Amino acid sequence: MSIDWAALGQVFGVTLVVTIGIVGLFTVGIVGTSRKPGQEGAAAAVAAPGSGARAGAMAAFALCAAAVAYGIYLIVAG
């Protein structure tokens, strides 16, 4: 038995990049749905995110779900 170190390195590299990408995308979704503090003059006012931020966050979550579904498909189909 021998180990193909080049292939193992490629798998590690792709896994690292995709993991960082999905975590980053999920973080964008969380930030897009988080509440933002209001103006300094307002007493404890908290503003909800705008519709554009909310739509971007939902798109980020949808891309995360699609990536997970594709990974499950690759595991099950194999």
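The questions and answers below concern a predicted model of a protein.

Q: In which element of the protein is confidence lowest, and in which is it highest?
A: Across the whole protein the mean pLDDT is 87, and 85% of the residues reach 70 or more. Within that overall picture, strand β2 (residues 46-47) has the lowest confidence, with a mean of 65, while the highest, a mean of 95, belongs to α1.

Q: In what order do the elements of the protein run from the N terminus on?
A: The protein contains 2 helices and 2 strands. Followed from the N terminus, these elements are arranged as α-β-β-α.

Q: What span does helix α2 reach from its first C-alpha to its last?
A: Helix α2 covers residues 51-77 and therefore has 27 residues, for which a rise of 1.5 Å a residue leads to an expected 39 Å. The span in the model is close to that expectation, at 38 Å.

Q: Which residues of α2 are buried?
A: In the protein as a whole, 8% of the 78 residues count as buried. What covers the buried residues of α2 includes α1 (5-33). Those buried residues of α2 are Ala 57, Ala 60 and Cys 64.

Q: Why does Cys 64 count as buried?
A: Cys 64 has its place in helix α2. The cut-off for a buried residue is under 20% relative accessible area, and Cys 64 counts as buried because its relative accessibility is 8%.

Q: With which residues is Cys 64 in contact, leaving aside its neighbours within four places in sequence?
A: The C-alpha atoms of Cys 64 and Gly 21 are separated by 9.4 Å, although the two residues lie 43 residues apart along the chain. Once the neighbours within four places in sequence are left aside, the residues in contact with Cys 64 are Ile 22, Leu 25 and Phe 26.

Q: What percentage of contacts between residues at least 6 apart in sequence join residues at least 24 apart?
A: The set considered here is restricted to contacts in the protein between residues at least 6 apart in sequence. Within that set, the share joining residues at least 24 apart is 48%.

Q: How much accessible area do the residues of the nonpolar patch with Ile 72 have together?
A: The protein exposes about 6100 Å², of which carbon and sulfur atoms supply 73%. On the surface, Val 68, Ile 72, Ile 75 and Val 76 form a nonpolar patch, and Ile 72 is found in helix α2. Together, the residues of this patch have an accessible area of about 430 Å².

Conventions
Residues are numbered from 1 along each chain as its sequence is written. This is a predicted model: local features need pLDDT of at least 70, side-chain atom pairs count only at pLDDT 80 or more; totals for chains, interfaces and linings use all residues. Side-chain values use heavy atoms; hydrogens and water are left out. Helices (H or I, at least four residues) and strands (E, at least two) are DSSP runs, numbered from the N terminus. Buried means under 20% relative accessible area, exposed over 50%, partly exposed in between (1.4 Å probe, protein chains only). Contact means heavy atoms within 4.5 Å. Patches are made of residues with over 30% relative accessible area and no salt bridge: like charges are joined within 9 Å, nonpolar side chains (Val, Leu, Ile, Met, Phe, Trp, Tyr) within 5 Å. Accessible areas come from the Shrake-Rupley method with a 1.4 Å probe; for residues, only the protein chains shown count as cover. A salt bridge is a side-chain nitrogen of Lys or Arg within 4 Å of a carboxyl oxygen of Asp or Glu. pLDDT is the predictor's confidence in each residue, from 0 to 100.
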